[in-house]
Amino acid sequence: MTDAPTTAPVARAATAGEVLAGYLTVQAGAFLRALPQVVGEAGSRPGALPASAQAADDLLRAVRRIGGALHTFAAAFEAEWAQESRTELRWLLNLLAQEPGYQRRAVRLLGALDSLADTSPDGAGMLAGHAGAPKARALLERQLTLARTRAHTALLQELRSARLHALADRMTLLAGDVPLVAPVAAEPVAVLLPQTGAALAALLGAGERLPWQRAAQAYGGAGLHRLGPPAGEAEPGAVPAARTPADADAALAADDEPWLRARILVKRARYALEVCGAPGDGLAELDGVLARHQEASDAAATVATAARTPRITPATAYVLGVVHADQRLEVESARYAFGRQWPGVAPGLVGPVAALSD
């Protein structure tokens, strides 16, 4: 589902307080409408949450946008209230994202394994007929089902908690009375432009620092061989020390981190532009590509964990290794796609805010 903007362009005569209050009132209303549906649906069996996917999407969308506005325009709000609200919204976001995240991961990994093990006469997969494929599939399905069930149980406990009720009360108040700092609230909307510009500048800076040489070609298989030690930690010509599994996981996490950070900044830039009623052409598409990057990265980490399950057969471990490599190639593919789209989006990021100041 497209994460579409939920605001219209603001009137030029509006004050900063009116713009922020209008935006947050809309988002708080969406939060309060979606929350009861999500709470009710979560009370059913594990895995039932996607039955109310619309309500879950609406709730997550509102949480992200409220949190993004509070972060980007922090100077316009009462500091303690804004910090507490962001902390609680981040807690709810992480809580809500776990179960559907495991479900998407299961679909991705089991689908990838089934494709690799496909025995179709039109084109068999490289794992077709491999003895380890059924066991690897069963292992992944079992572990992801267990993780999803645990996430569902945690969700049930927290959705009935006093902490969530307090957050809902906070959103109810936000829907009618946004705690703005008085001097900022009365200023023209142009006072929001520096913060919006800072969000765009942060994204542009992060984009410039991405390792573009790694994403220059469509087939990124060579990227699987280029994970060296962090800069400055090894002497030139020195033989790298042997890595433990934990070291390998840390190296991959460090390799992914700039791209995951870029996705956060893309979202913040999108939401800042929404607040100001400015266009954010291309940012939704960039967000989608980086979402695919993150899904593949998380899936690869899940397979790596499964491959360290005690007492699995070598054949099972081999199949899991192939699936892991497949997901890391998906990571490289997403980076390439981002690199193809970024040059068309980056130059336009300075235009929307400049137009509002006219």
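**Exercise 1. Burial of Trp259 and its ring partner**

Decide whether Trp259 is buried or exposed in this predicted model, and then classify the ring pair that Trp259 forms with Trp212.

*Solution.* Begin with the accessibility of Trp259, whose relative value is 1%. Because buried means under 20% relative accessible area, Trp259 counts as buried. The other residue, Trp212, has a relative accessible area of 25% and is therefore partly exposed.

Turn next to the geometry of the rings. A pair of aromatic rings is described by the distance of the centres and the angle of the planes. The structure holds five aromatic pairs. In the pair of Trp212 and Trp259, the ring centres are 5.8 Å apart and the planes stand at 85°. Planes over 60 degrees apart count as edge-to-face, so the pair of Trp212 and Trp259 is edge-to-face.

Finally, place the two residues along the chain: Trp212 belongs to the loop between α7 (193–209) and α8 (245–276), whereas Trp259 sits in helix α8, 47 residues apart, and the pair thus links distant parts of the chain.

**Exercise 2. A ring pair within one helix**

Classify the pair of Phe338 and Trp342 from its ring geometry, and state which aromatic cluster includes these two residues.

*Solution.* The ring centres of Phe338 and Trp342 are 5.7 Å apart, with the planes at 20°. Since planes under 30 degrees apart count as stacked, the pair of Phe338 and Trp342 is stacked. Both residues lie in helix α10, and because they are four residues apart, about one helical turn separates them. As for their surroundings, Phe338 and Trp342 are both buried. The cluster is then assembled from Phe338 and Trp342 together with Trp212 and Trp259, which form one aromatic cluster.

**Exercise 3. Helix α4 against α10 and α9**

Describe how helix α4 packs with helix α10 and with α9, and determine which residues make each contact.

*Solution.* Two packed helices are described by the angle between their axes and the distance between the axes. For α4 (residues 132–159) and α10 (residues 314–345), the angle is about 70° and the axes are 8 Å apart. Angles of 65 to 115 degrees count as roughly perpendicular, so α4 and α10 are roughly perpendicular to each other. On the side of α4 the residues are Gly132, Ala133, Lys135, Ala136, Leu139 and Leu140, and these meet Ala315, Thr316, Val319 and Leu320 in α10. Sorted by class, this contact of α4 with α10 comprises seven nonpolar, two polar and one charged residues.

For α4 and α9, the axes cross at roughly 110° and come within 10 Å. This pair is therefore also described as roughly perpendicular. Helix α4 contributes Leu139, Leu140, Gln143 and Leu144, while α9 contributes Thr302, Val303 and Ala306. By class, the contact of α4 with α9 has five nonpolar and two polar residues, and no charged residues. Leu139 and Leu140 of α4 appear in the contact with α10 as well as in the contact with α9.

**Exercise 4. Individual positions**

State where Arg311, Pro279 and Gly29 are placed, and report how each is classed by accessibility.

*Solution.* Arg311 lies in the loop between α9 and α10, and at 82% relative accessibility Arg311 counts as exposed. Its phi is near 65°, a positive value in a residue other than glycine.

Pro279 is found in the loop between α8 and α9 (283–307), and with 46% relative accessibility Pro279 is partly exposed. Although Pro279 and Leu349 are 70 residues apart in sequence, the distance between their C-alpha atoms is 9.2 Å.

Gly29 is placed in helix α1 (residues 16–42), and its relative accessible area of 17% makes Gly29 buried. Gly29 and Met171 are 142 residues apart in sequence and 8.0 Å apart in space, C-alpha to C-alpha.

**Exercise 5. The chain as a whole**

Summarise the secondary structure, burial, contacts and accessible surface of the chain.

*Solution.* The chain has 11 helices and zero strands. Of its 358 residues, 44% count as buried. Among contacts with a separation of 6 or more, 83% are made by residues 24 or more positions apart. The accessible surface comes to about 17,400 Å², and carbon and sulfur atoms account for 58% of that surface.

How values were computed. Residues are numbered from 1 along each chain as its sequence is written. This is a predicted model: local features need pLDDT of at least 70, side-chain atom pairs count only at pLDDT 80 or more; totals for chains, interfaces and linings use all residues. Side-chain values use heavy atoms; hydrogens and water are left out. Axes are lines fitted to C-alpha atoms, for helices over the stretch in contact, and angles run from 0 to 180 degrees between N-to-C directions. Angles under 35 degrees count as roughly parallel, over 145 as roughly antiparallel, 65 to 115 as roughly perpendicular and the rest as oblique. Contact means heavy atoms within 4.5 Å. Ala, Val, Leu, Ile, Met, Phe, Trp, Tyr, Cys and Pro count as nonpolar, Asp, Glu, Lys and Arg as charged, and the others, Gly among them, as polar. Rings of Phe, Tyr and Trp (its six-membered ring) pair if their centres lie within 6.5 Å; planes under 30 degrees apart count as stacked, over 60 as edge-to-face and the rest as tilted. Buried means under 20% relative accessible area, exposed over 50%, partly exposed in between (1.4 Å probe, protein chains only). Accessible areas come from the Shrake-Rupley method with a 1.4 Å probe; for residues, only the protein chains shown count as cover.
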